[in-house]
Amino acid sequence: MGELPMKLGPLNHVGVATPSIADSIAFWRDVMGATAIQKPFDMPEQGVRVCFVDTPNSQVELLEPLGEDSPIAGFLARNPAGGQHHLCFEVPDIEAARSEVES
């Protein structure tokens, strides 16, 4: 493979689909020992409810579907217990990175 012009940066967050943010918060707090859990909020334009769990070097982004047409609902239909949905890396130029990936 040739060298790509895009430079991969640090991991920003790991997206985790969940059927219940409330249950996932309890897991991250009670089992994993997380103490920095942000307040959940809705992102209707993306069809999800979101909650960030801060870790020392990154975040876990919990994603719960807002309805049947949410992209997360389809993921959960195939993975009913939830699981890793995506990784988000920082890049110097998001537009250039998107163009590189699309090409």
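Hi everyone, let me start in the middle of the sheet: strand β1, residues 11-17, is joined to β4 by five bridges, and the two run parallel. Within that pairing, Ala-17 sits opposite Leu-63 of β4. Please keep in mind that this is a predicted model.

Now to the other neighbor. Strand β3, residues 48-54, connects to β4 through seven bridges, this time antiparallel. Here Val-50 stands opposite Leu-63 in β4, the residue that Ala-17 also stands opposite. β3 and β4 make a hairpin, with four residues between them.

So what about β4 itself: how many of its seven residues are buried? Six of them are, across residues 59-65, so the strand is largely enclosed by the rest of the structure. If you are tracing side chains on screen, remember that in a regular strand they alternate between the two faces of the sheet.

Let's zoom out. The chain has three helices and five strands, and from the N terminus the order reads β-α-β-β-β-α-β-α. The C-alpha trace spans about 45 × 35 × 25 Å along its principal axes. Of the 103 residues, 28% are buried. Among contacts with a separation of 6 or more, 55% come from residues 24 or more positions apart.

Last, the surface and the charges, for those of you thinking about electrostatics. The chain exposes about 6900 Å², with carbon and sulfur atoms supplying 56% of that area. There are 6 positive and 15 negative charges, and their mean positions lie 4 Å apart. Thanks for listening!

Conventions. Residues are numbered from 1 along each chain as its sequence is written. This is a predicted model: local features need pLDDT of at least 70, side-chain atom pairs count only at pLDDT 80 or more; totals for chains, interfaces and linings use all residues. Side-chain values use heavy atoms; hydrogens and water are left out. Buried means under 20% relative accessible area, exposed over 50%, partly exposed in between (1.4 Å probe, protein chains only). Contact means heavy atoms within 4.5 Å. Accessible areas come from the Shrake-Rupley method with a 1.4 Å probe; for residues, only the protein chains shown count as cover. Lys and Arg count as positive and Asp and Glu as negative; His and the chain ends are not counted. The place of a charge is taken as NZ of Lys, CZ of Arg, CG of Asp or CD of Glu. Two strands pair if DSSP finds at least two bridges between them.
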